[in-house]
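The following report walks through selected parts of one model, taking a sheet, two ligand sites and a pair of individual residues in turn.

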Amino acid sequence: MERTINRELPAQIGKTVTIAGWVDVRRDHGKLIFLDVRDRSGIVQCVVTPRASEAMEIAKELRPQFTVAIVGELKERPENMRGAGPFGGIELSVQSVVILSRAQELPFDMSAELNLDTHLDYLPLTLRTARSRDIFTMQETILEGFRSSMRKQDFTEFTAPAIVGEDAEGGAAAFRVSYHHDTSAFLATSPQFYKQIMVGPFERAFTVAKIFRAEKHSTTRHLSEATSLDFEMGFIESHREPMAVLSRCVSDIVSLATERHPDMFERFDLPPPVIGDEIPTLTLREAQKILGVTEAPDLDPAGERSICEWAKKERASDFVFITAFPTKARAFYTYEDPHEAPYSRGFDLLFRGLEINSGSQRMHDYDALIGRMHERGLDPQKFSFYLQAFKYGLPPHGGSATGLERMTARMLGIANVKEATAFPRDLNRIDIRLSE
Ligand code: ATP
Ligand code: MG
């Protein structure tokens, strides 16, 4: 018999159907065995009675995470026996059970709250928990929202390389890989150069890129491999235009998440993010004045948290832009504000206490860019490929990069970005722990 997906069961009351999935929980109640069976669409309760004697023998063997195919008759549950969730009103009265694969005894109870290390040690198992499925369903929605907003705003998607010849940020943060002809290459720390180059053909370009950072961070917000939602646009007057595009993009993502996952915000016990018509914007100096801190080239993590609390309280916003960082504290290609030197036309977007995005207007003049490279001790010769984009004419342009994992974490109030990454890589882990 053809398989019915759990989602379709409520329309099948009174019919005999086949379902398939994972045993989530088995409960023995006197002569009855109850099974919660999970498939891609949700969990449905099945009940095995002694009348189905063969099924009962098999049911007694079942443990969590066994995969099974079950034939049964779909029944409505009595009013006083209804469960939670979308399928709480129905139950499958089991006629037969086939075991598709067995699971060994689990190392822990899947419904228990696990510490992060245990969660990460057992990802092939723990990614199956309701919490993880929520997190990565939300992440998919964020990705979908990003792509659809970008397309709506007339951007073209391209794929950026992960292996590059020279580090985009010109820093020491790149992983080195051995490449053909006894040369070294690097894993990209950002798709920055490539999205700027793509302004040439497309004017407005975006990419979902893997970025790799070798800094030896051990924090709740850094990964060695992250996913960057990048865009770049030409013919701008200042950083205000990329900020407006980003604002609309974030607003579209929040709308989609709010509309699609109201239940998820309830389960994570926090409201959907609040984003007004305009995201409040402060210059770094204004932010520092509010915080009562002396001038520094950036906000520290505590400062990011405090200024977000301010934005929430004073402007009723879960988002806040910080602009006008000192040019020398930003990447070499950042445009200096001609009226505000030595401050730049760079911006950060903070969301619920954390930087999730950085962007700026970029330098577009070939000679000026080469001059800046010299100032920073970078050898333009090494960047000659990238520099062609400017040599052959690129309009004033700018863009930004959002960390997908950080955005996911802040969306659901998850403390550590590693939990918002299906397979996080960090200082001590590539799937398995590197050292004790
Ligand atoms: P931070 O100052 O918090 O270390 P950054 O300023 O070095 O971050 P950018 O180079 O501005 O990061 O990268 C743009 C965005 O990409 C960041 O705002 C963040 O959301 C994300 N991102 C950058 N590096 C990481 C990382 N190591 N782990 C997770 N996300 C990252
Ligand atoms: Mg940044």
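## A three-stranded sheet and two ligand sites

In this predicted model, strand β8 (residues 176-179) pairs with β9 in the antiparallel sense, and four bridges connect them. The two strands form a hairpin with three residues between them, and His181, which lies in the turn, has a positive phi of about 55°. Within this pairing, Val177 has Ala185 of β9 as its bridge partner, while Tyr179 is matched with Thr183 of β9.

Strand β9 (residues 183-187) also runs antiparallel to strand β7 (residues 163-164), to which two bridges join it. Here Val164 stands opposite Phe186 of β9. Taken together, the three strands form an open sheet in the order β7-β9-β8, with antiparallel pairing. Because β7 and β8 stand at the edges and each has a single partner strand, one side of each is left without a neighbour in the sheet. As general background, strands of a sheet pair through backbone hydrogen bonds, in either a parallel or an antiparallel manner.

The next topic is ligand 1. Which residues are around ligand 1? They are Arg213, Arg221, His222, Leu223, Ala226, Glu355, Ile356, Asn357, Ser358, Ala401, Gly403 and Arg406. By residue class, this shell divides into four nonpolar, four polar and four charged residues. Strands β15 (354-361) and β16 (397-403) each supply at least two residues of the shell, and β15 gives the most, with four residues.

Three polar contacts to oxygen atoms of ligand 1 are set out below.

| Residue | Protein atom | Distance to an oxygen atom of ligand 1 |
|---|---|---|
| His222 | polar side-chain atom | 2.5 Å |
| Ile356 | backbone N or O atom | 2.9 Å |
| Gly403 | polar backbone atom | 3.1 Å |

Taken alone, ligand 1 exposes 590 Å², and the protein buries 83% of that area.

Two residues of the shell around ligand 1, Glu355 and Ser358, reappear at the metal site. The protein donors of the magnesium ion (ligand 2) are Glu355, through OE, and Ser358, through OG, and these lie 2.2 to 2.4 Å from the ion. Is Glu355 buried or exposed? Glu355 has a relative accessibility of 19% and therefore counts as buried, the cut-off for that class being under 20%. Ser358, by contrast, has a relative accessibility of 28%, so this residue counts as partly exposed.

Two further residues complete the account. Arg77 has its place in the loop between β4 (67-76) and β5 (90-101), and, because its relative accessibility is 11%, Arg77 counts as buried. The side chain of Arg77 reaches the backbone oxygen of Gly88 at a distance of 3.4 Å. Gln95, in turn, is found in strand β5, and with a relative accessibility of 41% Gln95 counts as partly exposed. Although Gln95 and Ala55 are 40 residues apart along the chain, their C-alpha atoms are separated by 6.5 Å.

Methods
Residues numbered from 1 in each chain as written. Chains lettered and ligands numbered in written order. Predicted model: local features only at pLDDT ≥ 70, side-chain atom pairs only at ≥ 80, totals over all residues. Heavy atoms only, no water. Pairing = 2+ DSSP bridges. Near = heavy atom within 4 Å. Polar contact = N/O pair within 3.5 Å; in protein donor to acceptor, adjacent residues only side chain to side chain. Areas by Shrake-Rupley, 256 points an atom, 1.4 Å probe, with all protein chains shown as cover. Nonpolar A, V, L, I, M, F, W, Y, C, P; charged D, E, K, R; others polar. Donors = N, O, S within 2.8 Å, 3.2 Å for Na, K, Ca; no water. Buried < 20%, exposed > 50% of the residue type's maximum accessible area, 1.4 Å probe, protein only.
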